Amino acid sequence: MNILVLNGSPKAKSDTMRLTHSFLAGFTSQNDYNVTIVDVIKKDIRPCTGCFGCWQRGEGRCVQQDDQNEILAAYADADVIIWSFPLYCYGMPAPLKAVLDRTIPLVQMRMVEVDGKVQHVPLIDFSKKRTVVISGAGFPDWEGNFEGLRLQCQNCFGNPTMIFVPETPLLNIPAAAPVADPLLEKFRLAGQEFASTGTLSAKTIAVLETPMSSKEEYLQGINATSP
């Protein structure tokens, strides 16, 4: 099984990737998998120009000569795709959004209606791919922060497994280890569950998305360290 991780964090020390690494540790604990992690910030990914040259050729490749075609090839070969990124302005960081925009070579211009929704005809079999979205935010609340991202991921990926985690800056604060380490362990166990069932239960997702501390404690700690 091929697992592709698209790390959208621009930071070398990513809060969200700590969660993703724990998830992978659980996922791969029972079997040997081929795991490819792409640090998008290190790649040359230009914005989509909207030229539709990819649709004219129909080869599943972009006409721009940068690193995107390498990612498209890995995407096409992957059985599981994990999008891992911090929440930026209620969505994906710009470099990762550029990757998403430029996945259009994997579909055709032709459109069909499926279950009442119009969509492009795929060039590859997306039905056998499983998608996981792991996103962390610096906000202490889930409500009002992740709804737009949830809708975008639902529209782009069909029916992905989505985990949206508040208070993720705590993951890289040593003093917060008493609350951060238990969450990392829960992500490891969630990875095992996903490997066994191909999904996560609503109960598991609710546990993973539960804030690590109260809003009052979190705000007090964050504000105490702000300039």
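**Exercise 1. Work out whether Cys-54 is buried or exposed, and describe its surroundings.**

*Solution.* Step 1: Cys-54 has a relative accessibility of 8%, so it counts as buried, since the cut-off for buried is under 20%. Keep in mind as you work that this is a predicted model.

Step 2: Find its place in the fold. Cys-54 lies in helix α2, which covers residues 53-57.

Step 3: List its contacts. Leaving aside neighbours within four places in sequence, Cys-54 is in contact with Glu-59, Arg-61, Cys-62, Val-63, Ile-104 and Pro-105.

Step 4: Try a distance. Cys-54 and Gln-68 are 14 residues apart in sequence, and their C-alpha atoms are 12 Å apart in space.

**Exercise 2. Find out how many disulfides the structure holds, then check Cys-54 and Cys-89.**

*Solution.* Step 1: The count is zero disulfides.

Step 2: Start with Cys-54, which is in no disulfide. Its nearest cysteine sulfur belongs to Cys-62 and is 6.3 Å away, while a disulfide needs two sulfur atoms within 2.5 Å.

Step 3: Now take Cys-89. Its closest cysteine sulfur is in Cys-153, at 16 Å, which is too far for a bond.

Step 4: Compare the settings. Cys-89 counts as exposed because its relative accessibility is 78%, whereas Cys-54, at 8%, counts as buried.

**Exercise 3. Decide which residues of helix α3 are buried, and what they pack against.**

*Solution.* Step 1: Helix α3 runs over residues 68-77, and its buried residues are Gln-68, Asn-69, Ile-71, Leu-72 and Tyr-75.

Step 2: Look down the axis. These residues cover an arc of only 155°, so they sit on the same side of α3.

Step 3: See what that set of residues meets. The buried residues of α3 pack against the strands β1 (2-7), β2 (34-39) and β3 (80-86), and against the helices α4 (94-101) and α5 (147-157).

Step 4: Turn to α4 for a second view. Leu-96, Ala-98, Val-99 and Leu-100 are buried there, and the buried residues of α4 pack against β1, α3, β3 and α5.

**Exercise 4. Describe the settings of Ser-9 and Thr-131.**

*Solution.* Step 1: Ser-9 is found in the loop between β1 and α1 (15-27). Thr-131, in turn, lies in strand β6, residues 130-136.

Step 2: Check burial. Ser-9 counts as buried because its relative accessibility is 3%, and Thr-131 counts as buried at 11%.

Step 3: Collect the contacts, not counting residues up to four places away in sequence. Ser-9 touches Ser-14, Ile-41, Ser-84 and Pro-86. Thr-131 touches Ile-81, Trp-83, Phe-157, Pro-160 and Thr-161.

Step 4: Add a polar detail. A polar atom of the Ser-9 side chain is 3.2 Å from the backbone nitrogen of Lys-11.

**Exercise 5. Judge whether the radius of gyration of the protein chain agrees or disagrees with that of a compact globule.**

*Solution.* Step 1: Begin with the parts. The protein chain has eight helices and seven strands.

Step 2: For 227 residues, a compact globule would have a radius of gyration near 17 Å; the protein chain has 18 Å, so the two agree.

Step 3: Add the dimensions. The C-alpha trace spans about 55 × 40 × 35 Å along its principal axes.

Step 4: Look inside and outside. Buried residues are 43% of the 227. The protein chain exposes about 11,600 Å², with carbon and sulfur atoms supplying 54% of it.

Step 5: Finish with the contacts. Among those between residues at least 6 apart in sequence, 72% join residues at least 24 apart.

Key. Residues numbered from 1 in each chain as written. Predicted model: local features only at pLDDT ≥ 70, side-chain atom pairs only at ≥ 80, totals over all residues. Heavy atoms only, no water. Buried < 20%, exposed > 50% of the residue type's maximum accessible area, 1.4 Å probe, protein only. Helix = DSSP H or I, 4+ residues; strand = E, 2+ residues; numbered from the N terminus. Arc of directions from axis to C-beta. Contact = heavy atoms within 4.5 Å. Polar contact = N/O pair within 3.5 Å; in protein donor to acceptor, adjacent residues only side chain to side chain. Rg over C-alpha atoms; globule rule 2.2 N^0.38 Å. Areas by Shrake-Rupley, 256 points an atom, 1.4 Å probe, with all protein chains shown as cover.
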